[in-house]
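Work through the exercises below with the model open. Each task is followed by a solution in steps.

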Amino acid sequence: MTLALATMTLVVADYDSAIAFYCQRLGFTLISDTALDAGKRWVVVGPEGGGARLLLAQAVGPTQQAAIGNQTGGRVMGFVETDDFAGEHAAMLARGVQFIEAPRDEAYGRVAVFIDLYGNKWDLIEPKG
C-alpha cells in the first residue's frame, strides 16, 4: 500500500480572494471549485507541477476566523519548492508576493520567507542536491 500527502486544509476569510492570491500571485492552478450546501464550496488549488494541494475552506464562526493567518502559531506553514530559485523569486516579486526576508543559503538549500494574503508564512525553497 502506498500513502501520499495529497491535500491540506487552509482556513481563509473568503474563497474568491484566496483563489486570486494563490492562482494569480503564486501561480497555482485552480483544480476544483464545486458548490456545496449552505454556501460552502470545495475549492482546491495547487502548483502546476503537482505535489500537495490546498483545500481553501472559508472560515465559519469565531474559532475558525481567529485561526486565519495564524494557523501554525507564527511558524512557517508551507514550503513551495522550485528548481529555479532566482527565477521564481523574481516572478513572485513581480506578481506582488511580499517576502519578509532576503534570500539566504542554508544547509538544506536556498530559501526566503514570504507571507500569503492573511499573513501565514511560507518558504520558497530550492533544495540542495
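**Exercise 1: A strand pair and its rings**

In S9, Trp122 is the bridge partner of Phe114. The model is a predicted one.

Task: Find how S8 and S9 pair, and over how many bridges. Then classify the ring pair of Phe114 and Trp122.

Solution.
- Step 1. Take the strands. S8 covers residues 109-115, and its pairing with S9 is antiparallel, over seven bridges.
- Step 2. Look at the connection. S8 and S9 make a hairpin with five residues between them. Gly119 sits in the turn and has a positive phi of about 100 degrees.
- Step 3. Count the aromatic pairs. The whole structure has five. In the pair of Phe114 and Trp122, the ring centres are 6.3 Å apart and the planes stand at 10 degrees, so the pair is stacked. The cut-offs are centres within 6.5 Å and planes under 30 degrees apart.
- Step 4. Check burial, which means under 20% relative accessible area. Phe114 is buried at 0%. Trp122 is buried too, at 6% relative accessibility.
- Step 5. Widen the view. Ring pairs join Phe114 and Trp122 with Phe21, Tyr22, Phe28 and Phe99 in a cluster.

**Exercise 2: The other partner of S9**

Task: State in which sense S5 and S9 pair, and which residue of S9 stands opposite Val76.

Solution.
- Step 1. S9 spans residues 121-127. S5 and S9 pair in the parallel sense, over five bridges.
- Step 2. Start from Val76. Its opposite residue in S9 is Lys121.

**Exercise 3: The largest pocket**

Task: Locate the largest pocket and say which strand gives the largest share of its lining.

Solution.
- Step 1. Begin with the space. The largest pocket holds about 660 Å³.
- Step 2. List the lining. It has 28 residues, and Phe28, Pro47, Ala52, Phe79 and Val80 lie nearest the centre of the pocket.
- Step 3. Sort the lining by class. There are 14 nonpolar, nine polar and five charged residues.
- Step 4. Assign the elements. S1 (7-12), S3 (41-46), S4 (53-58), S5 (76-81) and helix H3 (85-94) each supply at least two lining residues. S5 gives the largest share, five residues.
- Step 5. Place the pocket. Domain 1 (1-68) and domain 2 (72-128) both give lining residues, so the pocket lies between them.

**Exercise 4: A positive phi outside glycine**

Task: Which sign does the phi of Ala38 have, and is Ala38 buried or exposed?

Solution.
- Step 1. Find the setting. S2 (residues 29-35) and S3 pair in the antiparallel sense over six bridges. Asp33 stands opposite Val43 in S3.
- Step 2. Find the loop. Ala38 lies in the loop between S2 and S3, and this hairpin has five residues between its strands.
- Step 3. Recall the usual sign. Most residues other than glycine have a negative phi.
- Step 4. Read the angle. Ala38 is not a glycine, yet its phi is positive, about 60 degrees.
- Step 5. Check exposure, which means over 50% relative accessible area. Ala38 has 79% relative accessibility and counts as exposed.

**Exercise 5: A loop and the chain**

Task: Place Ala102 and classify its accessibility. Then give the separation of Ala102 and Lys128.

Solution.
- Step 1. Ala102 lies in the loop between S6 (98-99) and S7 (104-106).
- Step 2. At 55% relative accessibility, Ala102 counts as exposed.
- Step 3. Ala102 and Lys128 are 26 residues apart along the chain, and their C-alpha atoms are separated by 18 Å.

Technical notes
Residues numbered from 1 in each chain as written. Predicted model: local features only at pLDDT ≥ 70, side-chain atom pairs only at ≥ 80, totals over all residues. Heavy atoms only, no water. 1 Å grid on protein atoms, 1.4 Å probe; cavity = no way out; pocket = protein on both sides within 12 Å on 5 of 7 lines; lining within 4 Å. Points joined across faces, edges and corners; volume = space filled by probe spheres on them. Helix = DSSP H or I, 4+ residues; strand = E, 2+ residues; numbered from the N terminus. Nonpolar A, V, L, I, M, F, W, Y, C, P; charged D, E, K, R; others polar. Domains from an automatic or database assignment. Pairing = 2+ DSSP bridges. Phe/Tyr/Trp six-rings, centres within 6.5 Å; stacked < 30°, edge-to-face > 60°. Buried < 20%, exposed > 50% of the residue type's maximum accessible area, 1.4 Å probe, protein only.
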